[in-house]
Amino acid sequence: MRTQISINKVRGPFVARVEEISGQDLLACNQCGKCSAGCPVVAAMDLLPSQVIRMAQLGMEEVLESKTIWICASCLTCVTRCPKGVDLPRLMEALRQISLRKGVTKLDLNALPPELVREVPQLAIVGGFRKYMR
Ligand code: SF4
Ligand code: SF4
């Protein structure tokens, strides 16, 4: 199904919310692609980082279904490469927050093997809670 893009979406509440939570001006991005070209985990993503911000610019809430927003490691490589000063990790975090508030849960704690829970550093578990759970 083709997604309908309209001025109502581009200037709609979803874009306003993403900009408010992330603190980023989405229209600053000119789609140069330098973020995607330097991202170390891009091979695991279903959307390029530059595609994520493009969809957010256009008010396409379907971006919330992307694996990319969960795979982003917040490594800041893209931040150092972006000529427009866009902080993509903050955008990814905003999209995760919006997604989590919609009730999406990405991690079932009970499904984790007990031996893994014992061995994984506490910091990693807390980080996982923050990123993957409501
Ligand atoms: S590097 Fe910056 S300006 Fe270029 S596509 Fe990525 S976010 Fe947009
Ligand atoms: S912060 Fe996220 S999107 Fe940016 S380079 Fe790192 S993993 Fe890729």
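Of the 134 residues in this protein, 37% count as buried. Keep in mind as you click around that this is a predicted model. Colour by secondary structure to begin: the protein has nine helices and zero strands, so to speak a run of α-α-α-α-α-α-α-α-α along the sequence. Then switch on contacts. Among those between residues at least 6 apart in sequence, 68% join residues at least 24 apart.

**Stop 1: helix α4**

Select residues 49-57, which form helix α4. Seven of these nine residues are buried, so α4 is largely enclosed by the rest of the structure. To see which ones, show side chains for Pro49, Ser50, Val52, Ile53, Met55, Ala56 and Gln57, the buried residues of α4.

What do the buried residues of α4 pack against? Add α1 (7-10), α2, α3 (34-38), α5 (68-71) and α7 to the selection, and you have their partners. Before leaving, step just past the end of α4 to Gly59, where phi is positive, at about 75°.

**Stop 2: α4 against α7**

Keep α4 on screen and bring in α7, residues 88-101. The axes of α4 and α7 come within 11 Å and cross at roughly 60°. The two helices are therefore oblique to each other, and their crossing is left-handed. On the α4 side, pick Pro49, Val52, Ile53 and Ala56; on the α7 side, pick Leu88, Leu91, Met92 and Leu95. Colour this contact by residue class and you get eight nonpolar residues, no polar and no charged ones.

While α4 is in view, look at the spacing of the contact residues with one rule in mind. An α-helix has 3.6 residues a turn, so residues three or four places apart point the same way.

**Stop 3: α2 against α7**

Now hide α4 and show α2, residues 13-22, with α7. What is the angle between α2 and α7? They pack at about 120°, with their axes 8 Å apart. That makes α2 oblique to α7, and the crossing of this pair is right-handed.

For the contact itself, select Phe14, Arg17, Val18, Ile21 and Ser22 of α2, then Arg90, Leu91, Ala94, Leu95, Gln97, Ile98 and Arg101 of α7. The class colouring of the α2 and α7 contact shows seven nonpolar, two polar and three charged residues. Leu91 and Leu95 of α7 are worth a label: they appear in the contact with α2 and also in the contact with α4.

**Stop 4: around Leu58**

Centre on Leu58 and find two residues from much earlier in the chain. The first to pick is Gly12, in the loop between α1 and α2. Is Gly12 buried or exposed? At 7% relative accessibility, Gly12 counts as buried. Gly12 and Leu58 are 46 residues apart in sequence, and their C-alpha atoms are 9.2 Å apart in space.

Next pick Ser6, in the segment before α1. Ser6 is partly exposed, with a relative accessible area of 33%. A C-alpha to C-alpha distance from Ser6 to Leu58 reads 8.1 Å, across 52 residues of chain.

**Stop 5: ligand 1**

Jump to ligand 1 and show what surrounds it: Cys29, Asn30, Gln31, Cys32, Gly33, Lys34, Cys35, Ser50, Cys82, Pro83, Lys84 and Val86. By class, this shell divides into six nonpolar, four polar and two charged residues. Ser50 should look familiar, as one of the buried residues of α4.

**Stop 6: ligand 2 and its loop**

Move on to ligand 2. Which residues are around ligand 2? Select Cys39, Pro40, Val41, Pro49, Cys72, Ala73, Ser74, Cys75, Leu76, Thr77, Cys78 and Pro89. The shell around ligand 2 has 10 nonpolar residues, two polar and no charged ones. Pro49 is here too, after its turn in the contact of α4 with α7.

Finish with two backbone details in this shell. Most residues other than glycine have a negative phi. Ser74, in the loop between α5 and α6 (77-81), has a positive phi near 55°. At 35% relative accessibility, Ser74 counts as partly exposed. Leu76 is found in the loop between α5 and α6 as well, and its phi is positive at about 75° although it is not a glycine. Leu76 counts as partly exposed too, at 44% relative accessibility.

Definitions and conventions:
Residues are numbered from 1 along each chain as its sequence is written. Chains are lettered from A and ligands numbered from 1 in the order in which they are written. This is a predicted model: local features need pLDDT of at least 70, side-chain atom pairs count only at pLDDT 80 or more; totals for chains, interfaces and linings use all residues. Side-chain values use heavy atoms; hydrogens and water are left out. A residue is near a molecule or strand if one of its heavy atoms lies within 4 Å of it. Ala, Val, Leu, Ile, Met, Phe, Trp, Tyr, Cys and Pro count as nonpolar, Asp, Glu, Lys and Arg as charged, and the others, Gly among them, as polar. Axes are lines fitted to C-alpha atoms, for helices over the stretch in contact, and angles run from 0 to 180 degrees between N-to-C directions. Helices (H or I, at least four residues) and strands (E, at least two) are DSSP runs, numbered from the N terminus. Angles under 35 degrees count as roughly parallel, over 145 as roughly antiparallel, 65 to 115 as roughly perpendicular and the rest as oblique. A crossing is left-handed if the near helix is turned anticlockwise from the far one by less than a right angle, and right-handed if clockwise. Contact means heavy atoms within 4.5 Å. Buried means under 20% relative accessible area, exposed over 50%, partly exposed in between (1.4 Å probe, protein chains only).
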